[in-house]
Amino acid sequence: MKRRHWVRLDNVSNIFPAARSDVDPKVFRLGAEVDHEVDPALLQLALEETFERFPLYHAVLRRGVFWHYLQDSELQPEVTAETEQVCAPLYQADRRTLLFRVVHHRRRISLEVFHALSDGTGALWFLTDLLTAYTRRRFPGESPAADELAEQVRPGASERPDPPPAQIGTHPGAQAAEEVHELTTDSFAHYFRGRRRRRAPSSHEEDFTREAAPAVLTVEEAEDPEALQAAGGEDEVPPAPRPPRRRTHRVRGTRTPDNRTRALELSMPAAPVLGLAKAEGVALTMYLTALFFEAIRRTDEGALAGSTMAASVPVNLRQFFPSTSARNFFATIRVEHTFGEGDDSPGAVARGLQEAFSAEATPEALERRLHRLIRVERWPLARIVPRPIKDAMLSVINHVNNRSLTVAISNLGRVTLPAPAQSHVGRMQFHVSAVRPQFCVISHDGHLTIGFTSPYVETAHVREYARLLTAAGIEVSLAAARTTEEELAGVEP
């Protein structure tokens, strides 16, 4: 019998199977709108080609005695017409299933991924290859020449592979290095397991634009000095004491009838919104976050003067620590603003958020945090605790973390696709299942799309968000997936 290859879940991914629920199945969606009705047969062929290029996506998630792990499989994916709600559950603990799906509806092609498998950047690589393979079949006369193809190789492709397994410490019981490589590298282990290495700052790091990778988890740092010392952290510089954390305003509402994710989408031209952010001297993510705080303040009666609103903003670690792995490789930074203590205009709030974010989004600060996290994971006691107990503990940590946030944000930034996909794809979409309000940002071909998700049926804050943009001179269009019983019955709410 053939022995299947496996790898342990990377550090961040451990939280997703432990914290998933009916409300938040830890699934995210990336989509693209093409300029014609999707051909399912050609899309299936494109999926088979792309699937071969991403061995990681062959994996199923299994439960071990001590940890979850990814195991190679012989399952094959099939494209299907879209019949389920946005970000419907994917992982089922009692079934061996692939951890992603590809669906189509009219002119839309969507990729949905269980977050334990990959982050937004890794999934975007997969979707990019899928769209490229599909459009080359759909428009064979527009495929670029061979020399042009070589210039379009994206990071993570087989032509630009991950580091060899021997360099990253994959499981010693694996059969052969090149075969283990099929499940790709754990970049957390590669960079942060072991003693810290000092890195010289580069111009790239200085120019870091803080675009976000998709994720919703903030991993708390280990702050037990004795534990850190036992784990070999005696040479660590003690972190500065943190100011006491204020009570965070949380959005509440009416749960959707069957726990499906409430998804709404705002579309607008990208350039004028970037101009608004630039005029305030902040990154787009911080400007849009400040607008969200303002929309909540205007529509939520519980958001009184003195309320503190907090956002979780993920950072794509590949921008600091080069990696071509499609697995999760991100950290998150929490930023907040307390209203009633000064200038509460969106511009002033955005500048305050930007200042706080910039102080944390440095290679040195991120490296310190992640080293501590890895050491906690490698404590001997943590390694021998059975998985069900670990899952329960991670679920509690996730719950506590959620209570400290008003919103979570993901920004994949501006996407450029290889030819001929670039000329046949218009708007792209990005949504994440959420246990609290969340919004995700992506732009392509001059179109900026903001995907709002929530476990609640109420949408007043999204409408107010659109009004704020419209008042600033931005032309906005709003689309919503049917969620309530009345909407599903085809009746306007």
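This is a short talk on one sheet, the helices on it, and some salt bridges in a single structure.

Okay, one thing up front: what you're looking at is a predicted model.

Let's start with the sheet. We've got seven strands in an open sheet, and if you walk across it the order goes S10, S9, S11, S13, S14, S8, S15. The pairing is mixed. At the edges sit S10, residues 330–338, and S15, residues 477–480. Each of those has a single partner strand, so one side of each has no neighbour in the sheet. From one strand to the next, the twist averages 20 degrees.

Now zoom in on one pair. S9, which is 308–316, runs parallel to S11, which is 407–415, and the two pair over two bridges. If you want a spot to click on, Ala311 stands opposite Val407 in S11.

Next, what sits on the sheet? Helix H10, residues 284–299, lies across S9, S10, S11, S13 and S14. H10 runs at about 155 degrees to S9. Then there's H16, residues 460–471, which packs on the sheet and touches S8, S13, S14 and S15. The direction of H16 makes about 5 degrees with that of S8.

On to the charges. How many salt bridges does the structure hold? The count is 21. I'll take you through three of them.

First up, Arg29 and Glu82, with the closest N and O atoms 2.7 Å apart. That pair links distant parts of the chain: Arg29 is in strand S2, while Glu82 is in the loop between S5 and S6, 53 residues apart. Buried or exposed, what is Arg29? Arg29 counts as buried because its relative accessibility is 6%, under the 20% cut-off. Glu82, at 25%, counts as partly exposed. And these two have company: Arg29, Glu82, Glu84, Arg101 and Glu112 are linked in a network of salt bridges.

Another one is Arg53 with Asp129, closest N and O at 3.1 Å. Arg53 lies in helix H2 and Asp129 in helix H3, so this bridge ties together parts that are 76 residues apart in sequence. Arg53 is partly exposed at 32% relative accessibility, whereas Asp129 is buried at 12%.

Last one: Asp391 and Arg387, whose side chains meet in a salt bridge at 3.1 Å, N to O. Here both partners are in helix H14, residues 387–403, and being four residues apart they're separated by about one helical turn. Both Asp391 and Arg387 are buried.

That's my tour, thanks.

How values were computed. Residues numbered from 1 in each chain as written. Predicted model: local features only at pLDDT ≥ 70, side-chain atom pairs only at ≥ 80, totals over all residues. Heavy atoms only, no water. Pairing = 2+ DSSP bridges. Axes fitted to C-alpha atoms, helices over the stretch in contact; angles between N-to-C directions. Contact = heavy atoms within 4.5 Å. Salt bridge = Lys/Arg side-chain N within 4 Å of Asp/Glu carboxyl O. Buried < 20%, exposed > 50% of the residue type's maximum accessible area, 1.4 Å probe, protein only.
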